[in-house]
Structures are given as structure tokens and as C-alpha cells.
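Visitor: Could you help me look closely at one part of this protein? I am new to reading structures, so please explain the terms as you go.

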Amino acid sequence: MRIARFSSEGTVSFGVVEGDAARPEELTLHVLSGHPFGDLQPTGQVLPLKDVRLLPPMLPNKIVAVGRNYAAHAAELGNEVPEVPLTFFKPSTAVVGPTENIAYPPFSSDVQYEAELAVVIGRMCRDVPHERVPEVVFGYTCANDVTARDVQQREGQWARAKGFDTSCPLGPWIETELDPADLAVTCTVNGELRQAGRTSQMVRSVADLIAHITEAMTLLPGDVILTGTPAGVGPLNVGDEVAVSIEGIGTLTNKVIKRG
């Protein structure tokens with residue numbers, strides 16, 4: 001099931017996306033009442049998807065991201081795979097939705113894309129054992145962990161490099177029925193393929209990551225975990241269009257603009 005968050009005539013709602021994703025002009029939204037956690041409550045209203053504005057599928061309380069979770073990506077930046085998962089935060093203010101712009105920050109000259117599978121948490125949880133991870137996952141979406149690489153290297157810590165406004169595109173919707181074990185993850189820039197990996201290449205699985213993260217902190221419904229990026233990261237420039245696609249979910253597309 002694909003759950004989208006959208007705006008129509010000044011109202012923000014959630015809805016279930018129906019139809020063949022290969023024929024986007026025919027997709028429809030079955031509008032839901034309230035929040036999608038728990039039992040879904042359809043209103044009976046159906047809208048053409050093309051007539052609404054898709055928003056970030058969730059506004060998380062926190063985004064917990066994982067670095068160097070693909071060995072080839074760690075190697076391409078001259079890093080080793082860490083002995084324990086390398087985690088960091090991106091603020092909620094970094095989130096933008098599909099078709100929204102990535103604003104190139106003025107303090108960087110090397111902004112890069114990172115295509116990632118994002119996990120959306122569905123219930124409050126802490127100390128989750130591996131075997132119970134599926135119980136706390138609401139679904140999955142596409143993410144772009146946009147990074148000011150020069151700032152990351154210069155400052156040593158990653159708060160500004162990975163937390164600037166618009167550095168966390170999410171979307172286009174949440175797929176609730178998906179096995180994340182072996183999905184194709186790709187990124188294109190202006191239609192040119194830049195990244196092509198599979199989630200089976202992750203050093204640590206979704207279950208590993210959630211078990212590790214919840215040893216330390218409580219996750220809340222709507223929180224997002226970014227699971228790392230495959231090899232092939234590279235620069236973005238003002239005017240570029242970057243698209244992250246994940247098998248079984250869809251495509252998240254954003255344009256890069258100069259920050260005003």
C-alpha cells in the first residue's frame with residue numbers, strides 16, 4: 001500500500017495511492033481521515049494524483065542517518081567500514097518533498113547526492129530485538145541524503161554538512177508492504193545514471209540498524225532512518241535535476257537551485 005501526504009485546495013491530508021506507477025497520469029488518491037497510523041479511515045473522496053501537490057510523506061520528529069553502510073561507498077571516500085554503525089542526525093527542517101527544490105548552501109562548493117532507502121517508524125519503540133523489527137516499521141520511502149562534502153571534511157562533524165535546509169528530500173510516498181532485503185537503488189542526475197546499487201549490499205540490515213539505534217533512544221511514529229548510500233556519489237550543480245529511484249517504491253525527483 002502506498003501512503004502519500006498531499007495538499008489540495010489549502011488542506012493537507014493523507015491518502016492511499018492507487019493505480020499503475022508506470023502510468024502516473026492515471027494514479028488516484030483515496031483520501032484518508034486523520035493520520036495513517038493505526039486503522040485507516042477512508043473518507044470516500046477520490047482525487048486524481050496529478051491534481052494535488054505531493055508533500056514529504058512524513059514530517060519526522062527526528063531523522064537518524066547511518067554512514068558508511070555500503071563498503072564500496074566507504075572505500076570511494078577513503079574510509080573503512082566502522083566496527084559499529086556510524087549514526088548521525090538530520091534535523092526535521094532539512095526535509096523537503098518530491099518536486100521541491102534543493103537549495104545549494106552558500107557555505108559550500110561541493111554539494112553531493114546520496115540515494116538511500118528510508119525507513120519510516122510506525123510506533124513508539126525502544127530496545128527492539130531483531131525479530132520484532134517488522135512490528136515497528138510503518139513502511140519505506142526514497143531519500144536523498146544531500147551532503148556538503150567539503151564542509152563535512154573541513155569541519156569534522158556533520159551537523160552543517162548534512163543538516164542544512166533542504167538536505168533531506170523524502171518521497172514520493174510510503175510503501176507499507178515491502179521486503180527491504182534486496183532492492184535496486186539508483187540515482188540519476190539530468191537523466192544520467194550515477195548510482196546503481198542494491199540494499200543487499202548494505203553492511204548492516206534494516207533490522208540490525210533499528211536494533212542498534214533503539215538501544216540508545218526511543219523512536220516515535222513518523223521518525224525516519226536513512227540506511228546509507230551505495231557507491232557512486234558525486235557533485236550536484238545549480239540547475240541539475242536529481243532523481244532517486246528504489247525498486248518497489250518509486251522515484252523522488254528534485255531540482256537544485258541557488259539559495260536566495
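Visitor: Where is P172 found?

Guide: P172 is found in strand 14, which covers residues 168–175. A strand here is a DSSP run of E with at least two residues, a helix is a run of H or I with at least four residues, and both are numbered from the N terminus. Just before P172 there is a detail to look for: a cis peptide bond joins G171 and P172, with omega of about 5°.

Before we go on, please keep in mind that this is a predicted model, in which local features need pLDDT of at least 70, side-chain atom pairs count only at pLDDT 80 or more, and totals for chains, interfaces and linings use all residues. Residues are numbered from 1 along each chain as its sequence is written, and side-chain values use heavy atoms, with hydrogens and water left out.

Now let us step back to see what surrounds strand 14. The protein chain holds five helices and 20 strands. Its C-alpha trace spans about 55 × 45 × 30 Å along the principal axes. A compact globule of 260 residues would have a radius of gyration near 18 Å, and the 17 Å of the protein chain agrees with that. That radius is taken over C-alpha atoms, and the globule rule is 2.2 Å times the number of residues to the power 0.38. Of the 260 residues, 52% are buried; buried means under 20% relative accessible area, exposed means over 50%, and partly exposed lies in between (1.4 Å probe, protein chains only). Contacts, meaning heavy atoms within 4.5 Å, often link remote parts of the sequence: among those with a separation of 6 or more, 70% are between residues 24 or more positions apart.

With so many strands about, their pairing deserves a look. Strands of a sheet pair through backbone hydrogen bonds, either parallel or antiparallel. Here two strands count as paired if DSSP finds at least two bridges between them. At the start of the chain, strand 1 (residues 2–8) pairs with strand 2 (residues 11–18) in the antiparallel sense over seven bridges, and R2 stands opposite V17. These two strands form a hairpin with two residues between them, and E9 in the turn has a positive phi of about 55°. Strand 2 also runs antiparallel to strand 3 (residues 28–32), joined by four bridges, with V17 opposite L29.

A second hairpin comes later in the chain. Strand 15 (residues 184–189) and strand 16 (residues 192–198) run antiparallel, joined by six bridges, and V185 has G197 as its bridge partner. Two residues lie between the strands, and N190 in this turn has a positive phi of about 55°.

There is also an open sheet of three strands, in the order 13-10-18, with antiparallel pairing. Strand 13 (147–148) and strand 18 (234–235) are its edge strands, each pairing on one side only. Two bridges join strand 10 (residues 111–113) to strand 13, where V111 stands opposite A148. Strand 10 also contains Q112, which is buried, with a relative accessible area of 9%. Leaving aside neighbours within four places in sequence, Q112 touches residues including T147, R149, G234 and P235. The C-alpha atoms of Q112 and D150 are separated by 9.6 Å, although these residues are 38 apart along the chain.

For a helix, try helix 5 (residues 206–214), where V206, L209, I210, A211, I213 and T214 are buried. An α-helix has 3.6 residues a turn, so residues three or four places apart point the same way. The buried residues of helix 5 pack against several elements, among them strand 6 (63–67), strand 11 (115–121) and helix 2 (133–136).

Finally, two loop residues have a positive phi although neither is a glycine. R68, with a phi of about 55°, sits in the loop between strand 6 and helix 1 (71–76) and is partly exposed at 24% relative accessibility. D127, with a phi near 50°, lies in the loop between strand 11 and helix 2 and is partly exposed at 47%.
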